[in-house]
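Welcome, and please take a moment to look over the sequence and the model before reading on. What might a newcomer look at here?

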Amino acid sequence: MEKVTLAAKLAQITDHWRPRVVGELNGQEVKLVKVQGEFVWHRHEREDELFLVIRGRLRVEFRDRVVELEPGDFLIVPHGIEHRTAADQEASVLIFEPAATRNTGDVEHATLTAPNGVRL
C-alpha cells in the first residue's frame, strides 16, 4: 500500500493518448493519460469506462451528443456505446476500467492503439 500522488505521476507522462497504470483493484486498473487533439471513434464490447478530468477540458463525443468535462467532472461510458474523446488543449485524465482494456476498443489504429499494462 503506497500513496499515489497524481501530480507526480502525471509529471512523468510526456506523450499523448498512452495510458499508464497507476493502481489496480478488483480486476480494474486506474490509469493516467494526457490527451490532446481527437481520438479515434471506437467502442468497448464488454467494458465500461470512467473518465475523470484532473486538468484541462475533455470532450466525450457520441454520435448524437457531446459531453464537456472540466476538472473534477467524470463520465462513465457504458460498454457497447461508440464514442470518441477529444481535447483542444492538453488535458490530464484518470481512467478507471477493467484490466487489459485496449484504449482503442474494437479498433486497431496504427498510432493511437497503446500497449496494455504499462505502469508508472
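The report below moves from strand pairing to an enclosed space and then to a few single residues.

This is a predicted model, where local features need pLDDT of at least 70 and side-chain atom pairs count only at pLDDT 80 or more, while totals for chains, interfaces and linings use all residues. Residues are numbered from 1 along each chain as its sequence is written, and side-chain values use heavy atoms, with hydrogens and water left out.

**Strands and their partners**

Let us begin with the strands. Helices (H or I, at least four residues) and strands (E, at least two) are DSSP runs, numbered from the N terminus. Two strands are said to pair if DSSP finds at least two bridges between them. β1 and β2 run antiparallel and are joined by five bridges. One bridge can be picked out by name: Val21 has Lys31 in β2 as its partner. The hairpin of β1 and β2 has two residues between the strands, and Asn26 takes a positive phi near 50° there.

Further along, β4 (58-61) and β5 (66-69) pair in the antiparallel sense over four bridges. Four residues form the connection in the hairpin that joins β4 to β5. Across this pair, Val60 stands opposite Val67, and Glu61 stands opposite Val66. β4 also pairs with β7, again in the antiparallel sense, over three bridges. Here Val60 has Thr85 of β7 as its bridge partner.

How do the side chains along β5 alternate? Val67 and Leu69 point to one face and are buried, while Val66 and Glu68 point to the other and are not. Buried means under 20% relative accessible area, exposed means over 50%, and partly exposed lies in between (1.4 Å probe, protein chains only). In β4 both faces are covered: Leu58 and Val60 are buried on one side, and Arg59 and Glu61 are buried on the other.

**An enclosed space**

Next comes the inside of the model. A cavity is a set of points on a 1 Å grid over the protein atoms alone where a 1.4 Å probe fits but cannot get out, and lining residues have an atom within 4 Å of a point. Grid points are joined across faces, edges and corners, and a volume is the space filled by probe spheres set on the points. The count comes to one cavity of 30 Å³ or more. The largest cavity holds about 220 Å³ of space.

Its lining has 24 residues, and Pro19, Phe39, Phe51, Ile95 and Asn103 lie nearest the centre. The elements that give two or more residues to this lining are β2 (28-38), β3 (49-55) and β7 (84-98). β7 provides the largest share, four residues. By class, the lining has 13 nonpolar, seven polar and four charged residues. For these classes, Ala, Val, Leu, Ile, Met, Phe, Trp, Tyr, Cys and Pro count as nonpolar, Asp, Glu, Lys and Arg as charged, and the others, Gly among them, as polar.

**Four residues worth finding**

The table gives the place and relative accessible area of some single residues.

| Residue | Place | Relative accessible area |
|---|---|---|
| Trp17 | loop between α1 (6-11) and β1 (20-25) | 9%, buried |
| His42 | loop between β2 and β3 | 3%, buried |
| Phe62 | loop between β4 and β5 | 10%, buried |
| Ala100 | segment after β7 | 55%, exposed |

What does the side chain of His42 reach? It reaches the backbone oxygen of Val40 at 2.9 Å. Contact means heavy atoms within 4.5 Å. Leaving aside neighbours within four places in sequence, His42 is in contact with residues including Glu49, Ile81, Asn103 and Asp106. On the same basis of leaving out neighbours within four places, Phe62 is in contact with Trp41, Val67, Leu75, Val77, Ile81, Glu82 and His83. By contrast, Phe62 and Ala114 are 52 residues apart in sequence and 22 Å apart in space, C-alpha to C-alpha.

The other two residues in the table bring up backbone angles. Most residues other than glycine have a negative phi. Trp17, which is not a glycine, has a positive phi near 65°. Ala100 is not a glycine either, and its phi is positive at about 70°.

How values were computed:
1 Å grid on protein atoms, 1.4 Å probe; cavity = no way out; pocket = protein on both sides within 12 Å on 5 of 7 lines; lining within 4 Å. Polar contact = N/O pair within 3.5 Å; in protein donor to acceptor, adjacent residues only side chain to side chain.
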